[in-house]
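Thank you all for making time this morning. I would like to walk you through one part of a structure that may be new to you, so please have a look at it first.

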Amino acid sequence: MGNIKAIGFITIAQYISEYHGAEISEKIKNTLEGKDQEALFAKNPLPISWIDYGAYIRYLITADKILGNGDLKMAEKLVSYEVNKNFKTIYKMFVALATPTLLFAKTPMMFKQYFDAGKMSAEVIGKNQVDFKLADFPNVPLHHEFHFHVVFTELGKMAGGKVTEARHAKCLARGDEYCISHLTWSSI
Ligand SMILES: [Zn+2]
């Protein structure tokens with residue numbers, strides 16, 4: 001099982017509770033399977049606690065169906081809100097001085113802070129193009145790439161770039177040997 005730090009989940013759950021109300025929050029929670037409810041809510045996690053990455057992604061997909069229309073646009077908005085709220089504070093100094101190329105080169109190091117499994121590498125494959133490869137991550141949840149791609153897009157934006165293409169060419173969840181996210185960006 002691969003875990004992610006709970007900070008993103010906590011930020012989004014708090015946001016939903018505040019802006020959509022307790023009833024909607026409960027509905028999202030109760031729509032999840034028992035094991036996912038348990039993984040996310042039973043231990044009342046701290047921001048630095050580990051939670052199951054699959055349960056977190058399924059939480060976002062469920063929230064998207066209930067708050068949005070199931071096309072993951074709402075889930076992307078929630079992740080974008082969370083990344084801006086949390087990363088901008090933590091990485092403020094670094095991001096202010098970075099270019100997207102530099103920031104994406106450091107992304108595998110940042111990945112290690114947020115995940116307890118998997119090996120991420122970033123390979124520059126051309127001007128303003130990078131391939132992120134993720135290997136050895138157990139139980140990667142299906143459709144998780146929307147989460148990765150929002151994070152990459154927001155990081156790029158913070159460093160003054162605009163991601164113009166994010167494509168998940170390979171995925172562990174689809175039976176490939178590893179995940180590959182291909183990213184292209186331009187300067188703004
Ligand atoms: Zn994948």
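**A four-stranded sheet and its helices**

Let me begin in the sheet, where strands E4 and E6 pair in the antiparallel sense over six bridges. One place to find this pairing on your screens is Phe 132, which stands opposite Ser 181 in E6. Please keep in mind, as we go on, that what you are looking at is a predicted model.

On to the next pair: E5 is joined to strand E6, which covers residues 179–187, by eight bridges, and these two strands run antiparallel. Two positions help to locate this pairing, since Gly 161 has Ser 187 as its bridge partner in E6, while Lys 170 stands opposite Ile 180 in E6.

If we now step back to the whole sheet, in what order do its four strands lie? The order is E3-E4-E6-E5, in an open sheet with antiparallel pairing. Strand E3, residues 119–126, and strand E5, residues 161–170, are at the edges and have a single partner strand each, so one side of each is left without a neighbour in the sheet. From one strand to the next, the twist averages 20°.

Finally, which helices lie across these strands? Helix H7, made up of residues 100–114, lies across E3, strand E4 (129–135), E5 and E6, and runs at about 160° to E3. Helix H8, made up of residues 145–158, lies across E5 and E6, and its direction is at about 155° to E5.

Note on methods:
Residues are numbered from 1 along each chain as its sequence is written. This is a predicted model: local features need pLDDT of at least 70, side-chain atom pairs count only at pLDDT 80 or more; totals for chains, interfaces and linings use all residues. Two strands pair if DSSP finds at least two bridges between them. Axes are lines fitted to C-alpha atoms, for helices over the stretch in contact, and angles run from 0 to 180 degrees between N-to-C directions. Two residues are in contact if their C-beta atoms, placed from the backbone, lie within 7 Å.
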